[in-house]
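User: I'd like to go through this model and ask what stands behind each label you put on it. Can you take me through the reasoning?

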Amino acid sequence: MTTRNCLGRRPVLGALLGLTILTQTPMALAQVAAPAAAPAEVQTGGTLVVASLQKPRHLNPAVQSGIATAVPGAQIFATPLRFGADFTPQPYLAESWSFSEDQKVLTLKLRQGAVFHDGQPITAEDVKYSMDVVKANHPFNSMLAPVSSVEATDPQTVTITMSQPHPAILLALSSALMPVLPKHVFDDGTDIKASSHNNLPVGSGPFRVTEFEPGQHIMLEKFDKFFLPGKPYLDRIVIKQYKDANSAGLALEAGEVQLYPYLDSTRLVQRLEKKSNMTVTDQGYAGIGAMNWLAFNTKHPALSDVRVRQAISYALDRNFVTKALHGGLSKPAYEPVVSSSPFYTDAVEKYDFDLDKAKALLAEAGYGEGGKPLALSIDYLPENEEQQHAVAEYVKAQLAKVGIKVSVRASPDFPTWAQRVSNHDFDMTMDQVFNWGDPVIGVNRTYVCDNIKPGVVWSNTQSYCNPEVDKLLASAAVEPDLAKRKEQYAQAFAQITRVAPIYFVNEAPYFTAYSDVVQNPPVSIWGPMGPMDEVWLKK
Amino acid sequence: MRGIVKRLIWAAGLILAVLVLNFLLIQLAPGDPAEVIAGEMGGASADVMAGIRAQYGLDKPLPVQLGLYLGKALQGDLGVSYYYNRAVAGLILSRVGPTLLLVGSALAFALIVGTRLGLLASRNPRGPASALVTVLSLIGYAAPVFWTGLMLVILFAARIPLFPVSGMRDVTGATDLVSRTLDVAHHLVLPALTLGIVYLAQYSRLTRAAMLEVLGSDYIRTARAKGVRERRVFTHHAFRNALLPVVTVAGMQFGTILSGAVLVETVFSWPGLGTLAFDSILARDYPTILGILFFSTLIVICANLLTDAVARRLDPRLQQRG
């Protein structure tokens with residue numbers, strides 16, 4: 001279960017990056033791209049073994065987010081659209097789509113002759129049913145919130161009506177986010193979240209699932225009647241579960257495994273990079289914006305003083321963390337969004353390392369040398385040593401230099417950490433959080449006043465509340481103009497960083513390591529959470 | 001006959017006590033299953049969390065939860081896993097085989113090789129063989145089992161690729177019975193060896209000590225005086241008696257071996273009860289943890305009964321004492 005939770009949160013909703021760009025160019029009828037003919041040298045057949053540290057609860061991404069379910073889910077279920085490596089939507093189950101003039105109605109035209117794994121045809125009714133299920137059950141309820149109705153106008157046409165223009169809609173129809181479920185199988189009156197069909201679901205994707213042993217492996221077999229002719233190239237995909245990064249790495253080196261995605265151990269990356277028959281890439285993670293940060297409980301008597309939080313921020317050197325602790329493989333982070341976000345701004349207080357400033361601020365607040373003694377504890381997510389524990393230890397050593405005594409409080413496992421932090425029983429904590437591309441989904445939850453909800457993980461556990469920031473975030477959420485929207489976020493981020501409820505440490509790196517027999521490794525924005533119908537093995 | 005009935009009543013009471021105790025103990029662990037599930041989903045609203053709690057009855061008062069659980073458990077229904085959304089009994093049953101296979105092979109290996117080594121060492125207690133066995137067993141006993149496992153993996157799976165790194169079978173391989181059996185055996189070698197080494201060390205030391213004690217007793221001297229061959233003295237007269245403590249320890253270990261299996265299964269991703277227990281604890285999957293604990297209790301009780309029976313066979317005096 002090692003990196004399970006970190007990864008579990010790694011958002012399926014993923015980067016809605018570029019969605020703004022998408023809206024800027026209202027799409028008239030999108031070009032129907034004929035599926036690219038297989039290049040002559042493609043070899044079909046073979047089994048791809050994918051290493052996973054994730055343990056899916058079940059295989060239905062309509063009611064479950066997270067990489068664990070998304071990776072097999074994207075193979076088992078087709079979605080209306082898919083995305084390449086550049087945030088451009090591509091036809092998948094829908095061969096074309098068009099927006100109305102006012103951007104509030106989206107019409108999908110489905111492909112003819114596509115069938116589910118049980119041979120039944122895929123119709124507009126199935127798409128409507130799936131969208132209703134996702135809207136009602138998926139944990140990311142902001143994803144389809146503006147969708148007011150979905151209609152099957154004819155067997156091949158789906159009409160989606162929205163209450164307001166919703167730029168994220170195309171992305172929400174892709175990858176694991178909008179699996180097209182067979183209505184005739186799932187719609188049997190049982191609660192879909194607890195449906196037994198979720199264990200071995202009938203899908204519509206390039207592979208059908210034949211075996212799912214929880215905690216061990218998932219077997220996927222080529223679906224002969226897949227609607228894209230000639231695909232998939234592989235005969236089988238086996239997703240094999242490993243307990244930790246090291247055993248997965250060893251299995252890759254031993255040839256037991258050919259593809260190891262979501263790799264975040266820098267030492268392992270460095271070791272695998274040196275292997276001559278191995279490639280390590282950081283592509284395929286554009287849909288994920290993960291960062292590590294140090295959060296303060298602003299209700300703590302000392303930490304409620306903004307000068308103390310600022311002092312701590314100045315006392316820490318994030319460059320030391322990224323270069324020395326992470327071997328140069330992670331990037332520094334400065335503000336609520338990652339640097340690849342369209343809303344990234346440089347105009348924030350970065351708290352560049354300055355011990356003297358830190359000492360001065362502490363003295364002003366009455367702490368530090370000569371002042372009141374200050375002792376704080378620091379928590380950290382127990383699963384990721386490099387990105388979490390090592391940084392927490394560094395914080396302890398570093399704050400000793402300005403006279404703050406820090407005790408590192410280890411949690412034996414994720415539930416222990418989650419309970420402490422979600423109930424605001426902490427002073428400072430390291431955490432790993434996701435951007436999800438659009439601030440509406442991944443950023444606001446950390447800062448808005450009405451999300452201070454004890455007992456709920458990844459809510460506003462810092463107890464940071466500023467009505468002005470609330471207002472800015474709310475108006476940016478519905479602002480159609482990208483430039484204005486950017487400006488509003490810039491203002492909000494400037495206000496937030498000024499009072500430092502969080503010290504942003506680094507953007508978390510992800511890699512995929514694969515053996516050289518693997519061709520066309522998954523590098524779309526969704527990476528391995530996208531369909532692997534074009535992956536093939538060189539014999 | 002009365003003895004058996006008595007034992008069964010005792011066992012039933014023990015099982016009930018274990019069920020209650022386990023249920024209460026598990027509540028002491030910090031953390032909340034709803035939070036784990038919400039964490040897996042990437043965060044959730046307060047409504048969703050409340051929904052999860054209601055779905056699994058976690059919102060009910062503790063005594064009510066305990067009552068519901070006991071009522072079901074006593075009817076043989078171990079509930080549904082929060083985490084995997086499957087019947088706990090089925091989950092456990094699917095994992096029992098691999099664990100028994102692993103533990104059984106490790107114990108068999110340890111018993112056979114360990115007692116041999118102990119015998120060898122006892123022939124000449126001050127000789128070099130004895131010293132070697134003593135030192136090796138000390139190392140084997142002292143080395144942490146996960147370390148031994150990792151070293152074996154690095155040596156025999158990564159450096160010299162003789163054995164698979166992990167798992168119980170090659171899921172991509174052939175499906176006929178013979179090659180599947182061979183495949184499982186191939187995967188079994190390293191984990192069984194890892195787990196076996198610890199027990200082997202204990203058994204060899206135990207056998208050596210017991211042999212030395214028995215060999216000094218009067219009836220051995222008598223046997224030798226009667227002109228019985230040394231070989232026969234060793235195997236028939238001495239070894240049979242020296243085996244008694246070994247069997248007792250082995251029997252007790254069979255009950256506690258789950259704890260060792262957790263580590264070995266984790267290192268080798270062996271799909272047994274140990275990994276299931278480990279995963280369920282991390283997920284605060286109460287029904288599964290309770291089910292496994294319940295099942296382990298049954299195993300311990302059975303192992304004890306079995307050990308008694310074997311010990312009685314080895315030493316008829318035990319039978320008379322009842």
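**Reasoning through the model**

Analyst: Sure. This is a predicted model. Let's begin at the start of helix 7 of chain A, where a side-chain oxygen of A:Asp244 comes to within 3.0 Å of the backbone nitrogen of A:Asn246.

User: What makes that a polar contact between A:Asp244 and A:Asn246?

Analyst: The pair is an oxygen and a nitrogen within 3.0 Å, and the cut-off for N or O atoms is 3.5 Å. After helix 7 of chain A comes A:Gly255, with a positive phi near 85 degrees.

User: Which residues of helix 7 of chain A are buried, and what do they pack against?

Analyst: The buried ones are A:Ser247, A:Ala248, A:Gly249, A:Leu250, A:Ala251 and A:Leu252. In chain A they pack against strand 1 (47–52), strand 11, helix 8 (266–273), strand 12 (278–281) and strand 19 (511–515). Helix 7 (145–159) of chain B is packed against as well.

User: Why is the contact between A:Glu256 and A:Lys240 called a salt bridge?

Analyst: Their side chains meet at 3.5 Å, N to O, and the cut-off is 4 Å. A:Glu256 sits in the loop between helix 7 (245–253) and strand 11 (259–263) of chain A, while A:Lys240 belongs to strand 10 (residues 236–241), so the pair links distant parts of the chain, 16 residues apart. Both A:Glu256 and A:Lys240 are buried.

User: What makes A:Glu364 and A:Arg307 a salt bridge, and are they buried or exposed?

Analyst: The N to O distance between their side chains is 3.7 Å, against that 4 Å limit. A:Glu364 is in helix 11 (residues 355–365) and A:Arg307 in helix 9 (residues 306–315) of chain A, so the pair ties together parts 57 residues apart in sequence. A:Glu364 has 53% relative accessibility, so it counts as exposed, the cut-off being over 50%. A:Arg307, at 27%, counts as partly exposed.

User: How do you know that A:Lys350 and A:Asp346 form a salt bridge?

Analyst: Their side chains meet at 3.3 Å, N to O, and 4 Å is the limit. A:Lys350 has a relative accessible area of 21%, so it is partly exposed; buried would need under 20%. There is also a salt-bridge network linking A:Asp379, A:Arg409, A:Arg420 and A:Asp425. Over all chains, the search finds 20 salt bridges.

User: Why is B:Thr99 called buried?

Analyst: Its relative accessibility is 5%, set against a cut-off of under 20%. B:Thr99 lies in helix 5 (residues 88–123) of chain B, and its side chain reaches the backbone nitrogen of B:Leu273 at 2.6 Å.

User: How do you know that chain A is as compact as a globular protein of its length?

Analyst: Chain A has 17 helices and 21 strands. Its radius of gyration is 24 Å, close to the 24 Å that the globule rule gives for 539 residues, so the label follows. The C-alpha trace spans about 80 × 55 × 40 Å along its principal axes. Buried residues make up 65% of the chain.

User: Where in chain A does pLDDT stay under 50, and why does that matter for reading the model?

Analyst: That would be residues 1–37 of chain A, for which the model has 133 contacts beyond four places in sequence. Where pLDDT is low, the predicted coordinates should not be read in detail. For chain A, the mean pLDDT is 87, with 91% of its residues at 70 or more.

Notes: Residues are numbered from 1 along each chain as its sequence is written. Chains are lettered from A and ligands numbered from 1 in the order in which they are written. Side-chain values use heavy atoms; hydrogens and water are left out. pLDDT is the predictor's confidence in each residue, from 0 to 100. Contact means heavy atoms within 4.5 Å. Helices (H or I, at least four residues) and strands (E, at least two) are DSSP runs, numbered from the N terminus. Buried means under 20% relative accessible area, exposed over 50%, partly exposed in between (1.4 Å probe, protein chains only). A polar contact is a pair of N or O atoms within 3.5 Å; within protein, one must be able to donate a hydrogen and the other to accept it, and residues adjacent in sequence count only if both atoms are side-chain atoms. The radius of gyration is taken over C-alpha atoms; the globule rule is 2.2 Å times the number of residues to the power 0.38.
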